[in-house]
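Hi,

Here is the model I said I would pass on. Have a look at it first, and my notes follow below.

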Amino acid sequence: MTDSLTRRRMLQLTGGAAVVGLAGCTGTQNNDGGATNGTPTESGHDDGGTESGHSDDEDGHDEAVGAPSDTAEVRMITEDGGYHFEPHVVRVNVGGTVTWNNESGSHSTTAYHPDNDQPQLVPDGAATWDSGIVSEQGATFEHTFETEGVYHYYCTPHESLGMIGSVIVGEPDPHEQVALEEPPADKPERVREKLDELNGMIRTALGDDHEEDSQ
């Protein structure tokens with residue numbers, strides 16, 4: 001796997017992953033390491049003035065995840081008191097690359113992986129990644145995914161505020177994904193709720209949206 005952190009303008013990638021609306025990425029910022037906020041740029045994010053910072057209703061996540069592509073881009077955004085990855089869920093082929101672009105604020109993209117002192121919410125044998133805190137507007141970080149499966153990741157300073165995202169790689173069996181199991185019990189309730197929301201979106205994308213009914 002390869003990671004790279006570069007300082008350049010936003011890459012115009014042609015990924016087929018669609019935006020997934022996910023509510024609730026707000027709160028008072030507590031930046032680690034004295035990171036400073038960047039100037040917000042146009043994000044294309046339509047805030048509806050809700051407390052969550054998203055235009056979606058709390059349960060109104062009706063946008064689908066696209067088919068796998070070779071590349072995908074995720075924006076890291078501080079906007080109107082909210083902190084979020086956009087889109088929240090992307091999908092790439094095995095060997096595909098995801099690029100995170102810091103549009104505003106100070107953020108990280110960090111895998112839920114034991115090497116990051118976190119519970120494992122990535123496939124068995126998958127390598128970790130951690131961009132570190134990125135504060136410069138327009139800075140990007142890339143990670144190439146060689147292992148099929150579902151990956152959850154978070155922003156280090158804003159995890160507790162719900163800034164969590166997911167990557168689907170290839171065509172994984174949802175019943176064999178560590179990330180789709182019950183969220184870790186030692187995580188705050190808000191983090192667990194966010195992981196549950198993401199898992200619901202992912203199961204739908206993988207054709208397993210009736211799993212709860214079968215249990």
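Let me start with E171, which counts as exposed at 54% relative accessibility. (Exposed is over 50% relative accessible area, buried is under 20%, and partly exposed is in between, with a 1.4 Å probe and protein chains only.) Before I go on, keep in mind that this is a predicted model: local features need pLDDT of at least 70, side-chain atom pairs count only at pLDDT 80 or more, and totals for chains, interfaces and linings use all residues. Residues are numbered from 1 along each chain as its sequence is written, and side-chain values use heavy atoms, with hydrogens and water left out.

Salt bridges

What does E171 pair with? Its side chain meets that of R91 in a salt bridge, 2.8 Å from N to O. (For a salt bridge, a side-chain nitrogen of Lys or Arg has to be within 4 Å of a carboxyl oxygen of Asp or Glu.) R91 sits in strand β4 (residues 89–102) and E171 in the loop between β8 (164–169) and α1 (189–205), so this pair ties together parts that are 80 residues apart in sequence. (Strands and helices are DSSP runs numbered from the N terminus: E for strands, at least two residues, and H or I for helices, at least four.) R91 has 5% relative accessibility and counts as buried, whereas E171 is exposed.

Searching the whole structure turns up six salt bridges. Another of them joins E159 to K187, with the closest N and O atoms 2.9 Å apart. E159 is in the loop between β7 (149–154) and β8, while K187 is in the loop between β8 and α1, so the pair links parts 28 residues apart in sequence. Both partners are covered: E159 counts as buried at 11% relative accessibility, and K187 does too, at 13%.

Then there is E86 with R75, where the closest N and O atoms are 2.2 Å apart. E86 belongs to strand β3 (residues 82–86) and R75 to strand β2 (residues 69–79), so this salt bridge ties together parts that are eleven residues apart in sequence. E86 and R75 are both buried. R75 and E86 are also linked with E103 in a network of salt bridges.

β2 and its partners

The strand that carries R75 is worth a look of its own. Nine of the eleven residues of β2 are buried, so you will find the strand mostly covered. It pairs with β3 in the antiparallel sense over five bridges. (Pairing needs at least two bridges between two strands, as found by DSSP.) R75 and E86 turn up here again, as bridge partners across β2 and β3. The two strands make a hairpin with two residues between them, and D80 in the turn has a positive phi of about 50°.

β2 also runs parallel to β4, and seven bridges join the two. Over there, E73 stands opposite T99 in β4.

E79 is in β2 as well, and at 14% relative accessibility this residue counts as buried. E79 and G105 are 26 residues apart in sequence but 8.3 Å apart in space, C-alpha to C-alpha.

T109

You will find T109 in the loop between β4 and β5 (110–111). Is T109 buried or exposed? It is buried, with a relative accessible area of 0%. Its side chain makes a polar contact with the side chain of W129, at 2.9 Å. (A polar contact is a pair of N or O atoms within 3.5 Å; within protein, one must be able to donate a hydrogen and the other to accept it, and residues adjacent in sequence count only if both atoms are side-chain atoms.) Beyond its neighbours within four places in sequence, T109 is in contact (heavy atoms within 4.5 Å) with a set of residues including M76, F85, W100, F141 and Y154.

The annotated positions

Which residues does UniProt list for "binding site"? The unreviewed entry gives C155, H158 and M163. (Those positions follow the numbering used here, feature names are shortened, and annotations may be inferred rather than shown by experiment.) C155 is in the loop between β7 and β8, and H158 is found in that loop too. C155 counts as buried at 0% relative accessibility, and H158 is likewise buried at 0%. Leaving out residues up to four places away in sequence, C155 touches F85, S106, H107, S108 and M163.

Cheers
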